[in-house]
Amino acid sequence: MLSVAEIIKLLQEHHLLKSTNATDQQIIFQDVSYDSRAVTKGTLFFCKGNFQPAYLTEAQQQGATGFVAEEHQPTEKNLVEFVVSNVQKAMALLSAAFFDFPQNELMIFAITGTKGKTTTAYFLREAINAATENRTALFSTVNTILGSEPNDTFKSALTTPESLDLFKNMRTAVDQGMKFLVMEVSSQAYLKNRVFNLHFDVGSFLNISPDHVGENEHPTFANYLHCKEQLLVNSKQVVINAATDQLQDVYFAAKTTTDPENIYLYARNGTETSLPVQLDFTFDSEADTLTDNEIYLRALTPKAQALKLDGKYRIGIPGDYNETNAVDAIINAGLAGFQREQLLTGLAETQIPGRMERYVSRGHGTVYVDYAHNYASTKALLQFLKTQSPKGKTIAVVGSPGNKGIDRREGFGKALSEEADVAILTTDDPAFEDPVAIAKAIDRHIDHKRVQVHYEMDREKAIQKAIQMGTPSDIIVVLGKGQDPYQKIQGVDTPYPTDSVVVSNFLDQLQ
């Protein structure tokens with residue numbers, strides 16, 4: 001519950017309240033919502049996003065007794081009105097208060113980066129979950145886990161939820177006995193103020209590369225970087241991959257609010273960093289195949305050595321590009337007080353739905369399904385898989401989302417030119433764009449002297465075509481959607497069986 005008096009105090013403390021018509025400060029709101037369809041009696045309604053007056057009318061009819069908006073809204077009944085300078089910030093503050101500040105009852109690990117957020121989050125969650133007696137929640141791009149029962153795990157709608165959903169999920173997790181939370185924090189979460197005024201116990205910065213810049217995302221790369229750095233500014237302890245681009249900017253951002261003694265830097269042994277810094281940890285790859293992946297971690301500074309994390313670790317997801325993710329997870333766990341021996345089994349057994357899924361066919365090569373969705377992740381994945389089957393062709397099925405991440409199209413074309421032999425361009429969440437036009441935009445950046453290009457806009461048929469083209473030594477890689485059960489087409493979430501199901505079913509037909 002939330003009273004008018006509490007709302008006014010919170011909004012004034014953060015200089016957000018412009019005006020209110022509230023005269024009775026003892027009025028209590030029984031619920032909060034930004035979806036007019038979900039409003040019940042006594043709800044405080046947030047007029048956010050692409051707000052239309054009809055939404056407030058519907059909310060009022062459903063029982064809303066108050067609302068928060070950036071402009072005065074005339075209503076049929078005398079609803080309690082709070083006019084604020086930023087409704088997204090207001091919703092974050094008031095949602096946290098409504099759910100009784102659940103973040104204060106959790107140790108929160110927050111992870112950001114252009115690539116690797118999901119893998120790192122899963123590594124960390126699986127590494128510590130057994131040691132916490134299954135009391136570690138997860139907010140990831142793939143799944144949300146709020147408890148230990150099967151129905152406590154569900155598909156995530158956003159990498160970082162809207163603030164109201166975020167705090168609601170945190171409260172559910174706490175009520176289910178969760179003590180730790182591992183969460184991915186996207187740059188959009190800061191751009192849209194979904195995590196406004198939220199502070200983390202440990203914040204990780206994995207990497208930064210041009211992505212998520214476009215009409216519906218970040219206006220510039222500088223804005224993208226700035227938003228990602230806000231996670232560091234709002235973390236008590238910080239873990240940074242020192243091999244990242246823009247290291248100077250990233251490191252100095254962390255130091256604005258965090259003592260250097262609470263900043264931990266790591267990189268692969270032998271890495272030349274762009275800023276002369278003392279690394280706290282380095283690691284070496286001891287084995288790197290599809291079935292056996294081991295790293296060795298070394299602490300170099302007294303503060304790192306105090307964590308007692310040195311030694312060999314097996315990791316459950318192959319690929320040298322995943323090794324930095326595992327190291328980041330290990331350091332995070334160490335900062336929370338976990339011992340090396342507690343992490344070994346979870347790291348070795350980590351699996352992610354839709355990430356590096358492997359299917360062996362009879363006579364058509366090996367098929368992989370992965371969420372890779374930009375230049376850096378696509379190149380790293382294809383490059384690694386080529387080393388595992390150097391005599392065969394690499395056949396990639398790829399598309400790119402519409403109305404966002406425009407730079408990805410050039411990135412896909414570049415990665416395919418560098419690492420693929422055959423590219424089948426197809427549909428991937430085209431939104432309101434023409435999927436053929438998106439495919440042509442990718443194709444403009446493909447070197448046709450190196451790569452054979454095909455178009456097939458029916459994604460299921462594209463996957464089937466790629467498999468049929470394969471020979472025993474070939475690798476077929478289906479990129480982008482993993483286990484996403486829908487395609488975003490013309491504003492509608494259109495049901496889709498998932499790449500994993502399409503591959504599995506077609507291979508069954510070929511047997």
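This passage walks through two sheets, two helix pairs and one buried arginine in a predicted model.

Starting with the sheet nearer the beginning of the numbering, five strands come together in the order 2-7-6-5-4, forming an open sheet in which the pairing is mixed. Strand 2 (17-20) and strand 4 (31-33) sit at the edges; each has a single partner strand, so one side of each has no neighbour in the sheet. From one strand to the next, the twist averages 20°. Inside this sheet, strand 6 (residues 64-69) and strand 7 (residues 80-84) run parallel and are joined by four bridges. One pairing to look for here is that of A69, whose bridge partner in strand 7 is V83. Helix 2 (residues 53-62) is laid across strand 5 (43-46) and strand 6, and its direction is at about 155° to strand 6.

Next come the helix pairs. In general, a pair of packed helices is described by the angle between the two axes and the distance between them. For helix 3 (residues 87-98) and helix 5 (residues 163-175), the angle is about 15° and the axes are 8 Å apart. Helix 3 therefore counts as roughly parallel to helix 5, and the crossing is right-handed. On the helix 3 side the contact is built from Q88, M91, A92, S95 and A96, while helix 5 supplies S163, L164 and F167. Sorted by type, the residues of this contact are five nonpolar, three polar and no charged.

The second pair is helix 7 (residues 221-233) with helix 8 (residues 247-255), where the axes come within 8 Å and cross at roughly 40°. Here too there is a right-handed crossing, with helix 7 passing helix 8. The residues that meet are L225, E229, L232 and V233 from helix 7 and D249, V250, A253 and A254 from helix 8. This contact of helix 7 with helix 8 breaks down into six nonpolar, no polar and two charged residues.

Further along the chain there is another open sheet, this one with six strands in the order 19-20-24-21-22-23 and, again, mixed pairing. Its edge strands are strand 19 (357-360) and strand 23 (452-455), each of which pairs on one side only. The average twist between one strand and the next is 20°.

At the strand 19 edge, strand 19 and strand 20 are antiparallel partners, held in register by four bridges. Y359 is one of the residues involved, with V367 as its bridge partner in strand 20. The two strands form a hairpin with five residues between them, and in that hairpin G363 adopts a positive phi near 90°. The faces of strand 19 are not alike: E357 and Y359 lie on a covered face, whereas R358 and V360 lie on an uncovered one.

Strand 21 (residues 394-398) and strand 22 (residues 422-425) make a parallel pair with four bridges. I395 has V422 of strand 22 as its bridge partner, and V397 is placed opposite I424 of strand 22. Strand 22 itself is covered on both faces, with V422 and I424 buried on one side and A423 and L425 buried on the other.

Two helices are associated with this six-stranded sheet. Helix 12 (residues 375-388) lies across strand 20 (366-370), strand 21 and strand 24 (475-479), and runs at about 165° to strand 24. Helix 16 (residues 499-510) also packs on the sheet, where it touches strand 19, strand 20 and strand 24, and its direction makes about 10° with that of strand 19.

The last stop is R459, which belongs to helix 15 (residues 459-469). Is this arginine, R459, buried or exposed? With a relative accessible area of 3%, R459 counts as buried, because the cut-off for that label is under 20%. Beyond its neighbours within four places in sequence, R459 contacts T426, T427, D428, V478, L479, G480, K481, Q487, Y496 and D499. Among these, V478 and L479 fall within strand 24 (475-479), and D499 falls within helix 16 (residues 499-510). As for P495, it is 36 residues from R459 in sequence, with the two C-alpha atoms 12 Å apart in space.

Technical notes. Residues numbered from 1 in each chain as written. Predicted model: local features only at pLDDT ≥ 70, side-chain atom pairs only at ≥ 80, totals over all residues. Heavy atoms only, no water. Pairing = 2+ DSSP bridges. Axes fitted to C-alpha atoms, helices over the stretch in contact; angles between N-to-C directions. Contact = heavy atoms within 4.5 Å. Buried < 20%, exposed > 50% of the residue type's maximum accessible area, 1.4 Å probe, protein only. Parallel < 35°, antiparallel > 145°, perpendicular 65-115°, else oblique. Left-handed = near helix turned anticlockwise from the far one by under 90°. Nonpolar A, V, L, I, M, F, W, Y, C, P; charged D, E, K, R; others polar.
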